[in-house]
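User: I've got a model open and want to go through some strands and cysteines. Can you take my questions as they come?

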Amino acid sequence: MHRVASAGNNSNSTRPRKEKRLTYVLNDIDDTKHCAGINCLAVLKSATSSCDYLFSGSRDGTLKRWSLTDSGATCSATFESHVDWVNDAVLAGNNLVSCSSDTTVKIWNPLSDGVCTRTLRQHSDYVICLAAAEKNSNIVASAGLGGEVFIWDIEAALQPLARSVDPKEDEHSNASVGLPVTNSRGINSGNMSFHNNQSRGYCPINAKGHKESVYALSMNDAGTVLVSGGTEKVIRVWDPRTGSKILKLRGHTDNVRALLLDSTGRFCLSGSSDSMIRLWDIGQQRCVHSYAVHTDSVWALASNPAFTHVYSGGRDQSLYLTDLSTRESLLLYTKEHPILQMALQDDSMWVATTDSSMYRLPAEGRNPQKNFERGGSFLAGNLSFTRARASLEGSAPVPVYKEPSFTISGIPGIEQYEILNNRRHVLTKDTAGSIKLWEITKGVVIEDYGKVSFDEKKEELFEMVSIPAWFTIDPKLGNLSIQLDTPQCFSAEMYAIDLNISGAPEDLKINLAQETLRGLLVHWMAKRRQRSGAHSSSNGDVATHEIIRNLPHSKVEVDDGADNNTFVVLPSFEFSTLSPPSIITEGSHGGPWRKKITEFDGTEDEKDLPWWCMECVLNGRLPPRENTKCSFHLQACEGSSVQIITQGKLSAPRILRINKVINYVLEKMVLDKPLDGGSADGTSALGLSTGQSQLSSLGDGSLRSGMMKPWQKSKPSIEILCNNQVLSPEMSLATVRTYIWKKSEDLILNYRVMQNK
């Protein structure tokens, strides 16, 4: 949807405006591990230090750098900026390039602490794959579900931004970044020439030809040949220097999922969902060999430097090694998860799967033939059904390696969740079967139940309470992503006493979304204060908005430098700094971004954060909300002679408790003498008041003794009923309407006086 007016616009446009969403991701206490499947791997050989580096990109939206030694691997950096799955990553000279389902390509400094140097926004759909030229480190190709294939000049893409773009963006590693300026003539990179087709910024070469999604790319070392494949079942060959088509290779009968060129660009290996591996001679424009090794889709290919052997993995959860000349194949390893990508490191092979862990195998990368000396090999057929038939006949090969030589463990991702009725707790089940209870207003696990029944635990934790749904959850990153949309997110309120805020007035209402946002942005406010150079006033500050007045709060107090306002966070909304959540939202420059709440630097403003979020946190202003009131009728039970002086429709906050209704009945009762059975003739003074009344949040203190008759000071016992069921005084009107009344029309409550004994 298009924004038709800016914040505060009073135009008469009738088109609805889709406001930007704010999402916060709850991270595990151990932030050094992935919590979802690993889509990509890249190895950086170090020429100076004593260790190599492994880069992993995950479905949790992050990349991580691992320092590799003979004894193990240590996470040395997390790269966080993508807001969706990281699908591929390649090393291009001094840069790490990644692509994501968020439609972006990002460039990073690989040896930094996670600095994103540029975000490239050209794709119209998920970006699935990348390819780099080993000897021409300036060239990277990207492709995805939109069918586009772009060839990027990294040097040109990293040029300073145009003046027409906010310069502050270039300071933010995760900001939404515009296009860089280049001069009007082509940029030469070795023997590569790129032309600027955009007057205000760099435009990549667009290799046009695919009509459907692209799932695989590969480029030769010199960057003179590029191959691509996807759902069209054909392999297209391009000249990446110009983006021109050279030829097509046909032979696969299903989606082409993996491609691998040799260093010269003459030979190409392809893996497909038809379970076949094919070797192509691009010069002769034909398939020279077919290898029926797998029983299901082939998703990953890797070769030794001499291009004599291919390692392959895929949906059948197996890793095979095949001699391209003799067709001899060997099952190296099998696991319970499909294999997504592989990366050679000397004689070892790193394997990534749909699991959050990574595995290292002794693959003999320098001399793959050594593996065949162990025996157990078979001859690869040339038709896909041959391996499937052999598997059905029980002649499946035995893997050479039973266990990996080393494992980089991940964290089980969340696969099931249930939002509890109190709208603050979420029950989750991870891929390991462990059940946990999260408090989303603090971002922490408050109970780990272990491996128990999810459904039984859900029933055990059931509460008969009704609070409006103020957030939604997306678990696709392997963790809880809490999504807030205005104005719906501001619909839920609770009494402060229900949040265990001691010393708070009984009738004080807390808006859950408002206080959650304040807890999320307290570090931003602290940095904002530091940047403004403001200091807290010595004689006490006035609270930013009324809801926190006179409340006990945490020690996190921030003066934002504006009118001496104090920014406080209630204890029930303090987020951990050990595992701080990450915020995902969309800046005004058109691109989403992601950053941990402790990494905000105070410069973020309405260009970065949704305006409604800024209004809520800075000014305490909430948008107009609907359905915050509950209408009901209050009537005497059948046969009761006691009446109250107000009748007709009443209106009160949804969270109003029944004990407040009892107080209201006591205050409005009309009796001239104590209740001891009533007058003998049944007569009593009756008073009626018609029309709709507003029932405010009455507390026990609202019964003023000076206004009562002497007998009323004894507080006769009142019961409130609905559908002939006596209601607990602790129930809210919303709970009664949801679980007892169960009708769409106005709620009807009945009252009766119980005789004092």
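User: Which residue in E21 is the bridge partner of leucine 260?
Analyst: Leucine 269. Strand E20 (residues 256-261) and E21 pair in the antiparallel sense, over 5 bridges. Two strands pair if DSSP finds at least two bridges between them. Strands (E, at least two residues) and helices (H or I, at least four) are DSSP runs, numbered from the N terminus.

User: Before we go on, what kind of model is this?
Analyst: It is a predicted model: local features need pLDDT of at least 70, side-chain atom pairs count only at pLDDT 80 or more, and totals for chains, interfaces and linings use all residues. Residues are numbered from 1 along each chain as its sequence is written, and side-chain values use heavy atoms, with hydrogens and water left out.

User: What sits in the E20-E21 hairpin?
Analyst: There are 5 residues between the strands. Glycine 265 takes a positive phi there, near 90°.

User: And on to E22: how many bridges does E21 make with it?
Analyst: 5 bridges, antiparallel, with E22 spanning residues 277-281. Serine 270 has arginine 278 as its bridge partner in E22. This hairpin has 4 residues between its strands, and serine 275 in the turn has a positive phi of about 75°.

User: Is E21 mostly covered or mostly open?
Analyst: Mostly covered: 5 of the 6 residues in E21 (267-272) are buried. Buried means under 20% relative accessible area, exposed over 50%, partly exposed in between (1.4 Å probe, protein chains only).

User: Switching sheets. What is the order of the open one with 4 strands?
Analyst: E16-E17-E18-E19, with antiparallel pairing. E16 (214-219) and E19 (244-250) are the edge strands; each has a single partner strand, so one side of each lacks a neighbour in the sheet. On average, neighbouring strands here are turned by 25° against each other, direction ignored. The axes behind that angle are lines fitted to C-alpha atoms (for helices, over the stretch in contact), and angles run from 0 to 180 degrees between N-to-C directions.

User: What about the middle pair, E17 and E18?
Analyst: E17 (residues 226-230) and E18 (residues 234-239) share 4 bridges. Glycine 229 stands opposite isoleucine 235 in E18.

User: Cysteines now. How many disulfides?
Analyst: The whole-structure search finds 0. A disulfide needs two cysteine sulfur atoms within 2.5 Å. For cysteine 40, the nearest cysteine sulfur belongs to cysteine 99, 7.2 Å away.

User: Why does cysteine 40 count as buried?
Analyst: Because its relative accessibility is 1%. Cysteine 287, at 23%, counts as partly exposed.
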